[in-house]
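Subject: Structure for you to look at

Hi,

Here is the structure I promised to pass on. Have a look at it first, and then read my notes underneath.

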Amino acid sequence: MSETRDPTSRVWTVPNALSMLRLLGVPLFVWLLLAHHDGVGLVVLMIAGFTDYADGKIARRFHMESRLGALLDPAADRLYIAATIVCLAIRGILPLWVVLALVARELFILALAPMVRRHRLPLPPVHFIGKAATFNLLYAFPLLVVAQFDGTVGDVAAPIAWAFVIWGVTLYWLAGLLYAVQVREMVNAVRAPQAAR
């Protein structure tokens with residue numbers, strides 16, 4: 001009798017390919033933005049935003065969830081956000097308070113890693129609020145670039161960009177707090193049988 005393979009161990013799936021494509025686009029995007037090729041950089045960032053939405057949708061719809069995908073998807077999101085923050089901060093487009101708020105959230109999540117490792121916990125699933133935060137930020141950043149343009153286009157883009165920024169930062173922190181709650185619940189679930197002995 002042949003051994004049934006765990007479907008979550010799959011590597012070559014469409015969602016994973018989209019996540020890998022998104023990761024490969026990070027250095028290209030950084031170069032484009034720092035070289036002031038804003039138009040092409042915006043296209044790359046918008047494609048990244050679309051693939052971020054598409055990979056999760058395809059994975060759920062066609063049952064293509066995988067352990068690799070659970071790592072690649074948030075890693076690609078964080079790399080794009082980090083790369084965009086750095087580029088926009090270097091160019092003076094993104095104010096310091098946004099940078100500090102997003103960096104502080106990443107440090108907050110990083111502080112939970114020792115607990116996850118100590119109890120050998122799986123990574124909590126990506127929450128919808130986290131995806132919504134990423135969506136807001138991935139659209140806020142290109143709009144901030146568009147807001148630098150002179151004329152009506154820049155004037156219209158600016159308030160929309162800042163609405164996405166504020167919602168994105170708020171949801172990003174909310175997703176981080178929910179992640180902490182998920183970790184705490186998993187730790188409690190591990191400790192409960194031990195306490196009952």
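Below is what I found, going from the whole chain down to single residues.

Before anything else, please keep in mind that this is a predicted model.

**The whole chain**

The chain has 7 helices and 0 strands, so if you follow the elements from the N terminus on, they read α-α-α-α-α-α-α. Along its principal axes, the box filled by the C-alpha atoms is roughly 70 × 40 × 25 Å. There are 197 residues, and 41% of them are buried. Of the contacts with a separation of 6 or more, 82% are between residues 24 or more positions apart. As for the outside, the accessible surface is about 11500 Å², and carbon and sulfur atoms hold 71% of that.

**Two helices to start with**

H2 covers residues 38-61, which is 24 residues. From its first C-alpha to its last, H2 reaches 34 Å, close to the 34 Å expected at 1.5 Å a residue.

H6 (128-146) is another one to pick out. With 19 residues at 1.5 Å a residue, H6 should span 27 Å, and its end C-alpha atoms are indeed 27 Å apart. H6 is also mostly covered, with 15 of its 19 residues buried.

**A buried glycine in H2**

Gly49 sits in helix H2. Is Gly49 buried or exposed? It is buried, because its relative accessible area is 6% and the cut-off for buried is under 20%. Leaving out residues up to four places away in sequence, Gly49 touches Leu138 and Tyr139. Gly49 and Leu137 are 88 residues apart along the chain, yet their C-alpha atoms are separated by 9.3 Å.

**Two buried polar or charged residues**

Asp77 lies in helix H3. At 6% relative accessibility, Asp77 counts as buried. Which residues is Asp77 in contact with, leaving aside its neighbours within four places in sequence? They are Arg22, Asp52, Lys131 and Thr134. The C-alpha atoms of Asp77 and Ala48 are 8.7 Å apart, with their positions 29 residues apart in sequence.

Asn16, in helix H1, is buried as well, at 2% relative accessibility. Not counting residues up to four places away in sequence, Asn16 touches Arg10, Val11, Ser66, Leu68, Gly69 and Leu72.

**The cavity**

How many cavities of 30 Å³ or more does the structure hold? The count is 1, and the space in the largest cavity is about 30 Å³. Its lining is made by Phe29, Leu33, Gly41, Leu42, Leu45, Thr84, Leu88, Phe141, Pro142 and Val145. The elements giving two or more residues to that lining are helix H1 (14-34), H2, helix H3 (67-90) and H6. By class, 8 of the lining residues are nonpolar, 2 are polar and none is charged.

**The loops**

Most residues other than glycine have a negative phi. Two loop residues in this model go the other way.

His63 follows H2 and is found in the loop between H2 and H3. Its phi is positive, at about 55 degrees, although His63 is not a glycine. His63 is exposed, with a relative accessible area of 59%.

Arg120 is in the loop between helix H5 (113-118) and H6. Arg120 is not a glycine either, and it has a positive phi of about 50 degrees. At 78% relative accessibility, Arg120 counts as exposed, because the cut-off for exposed is over 50%.

His127 has its place in the loop between H5 and H6 too. His127 counts as partly exposed, at 35% relative accessibility. From His127 to Ile90 the distance is 31 Å, C-alpha to C-alpha, and the two are 37 residues apart in sequence.

**Where to look when you open it**

You could begin with Gly49 and its contacts Leu138 and Tyr139, then go on to Asp77 with Arg22, Asp52, Lys131 and Thr134. After that, try the cavity, with Phe29 and Phe141 among its lining residues. Finish with the positive phi at His63 and at Arg120.

Cheers

Definitions and conventions. Residues are numbered from 1 along each chain as its sequence is written. This is a predicted model: local features need pLDDT of at least 70, side-chain atom pairs count only at pLDDT 80 or more; totals for chains, interfaces and linings use all residues. Side-chain values use heavy atoms; hydrogens and water are left out. Helices (H or I, at least four residues) and strands (E, at least two) are DSSP runs, numbered from the N terminus. The expected span of a helix is 1.5 Å times one less than its number of residues. On a 1 Å grid over the protein atoms alone, a cavity is a set of points where a 1.4 Å probe fits but cannot get out, and a pocket is an open set with protein on both sides within 12 Å along at least five of seven lines; lining residues have an atom within 4 Å of a point. Grid points are joined across faces, edges and corners, and a volume is the space filled by probe spheres set on the points. Ala, Val, Leu, Ile, Met, Phe, Trp, Tyr, Cys and Pro count as nonpolar, Asp, Glu, Lys and Arg as charged, and the others, Gly among them, as polar. Buried means under 20% relative accessible area, exposed over 50%, partly exposed in between (1.4 Å probe, protein chains only). Contact means heavy atoms within 4.5 Å. Accessible areas come from the Shrake-Rupley method with a 1.4 Å probe; for residues, only the protein chains shown count as cover.
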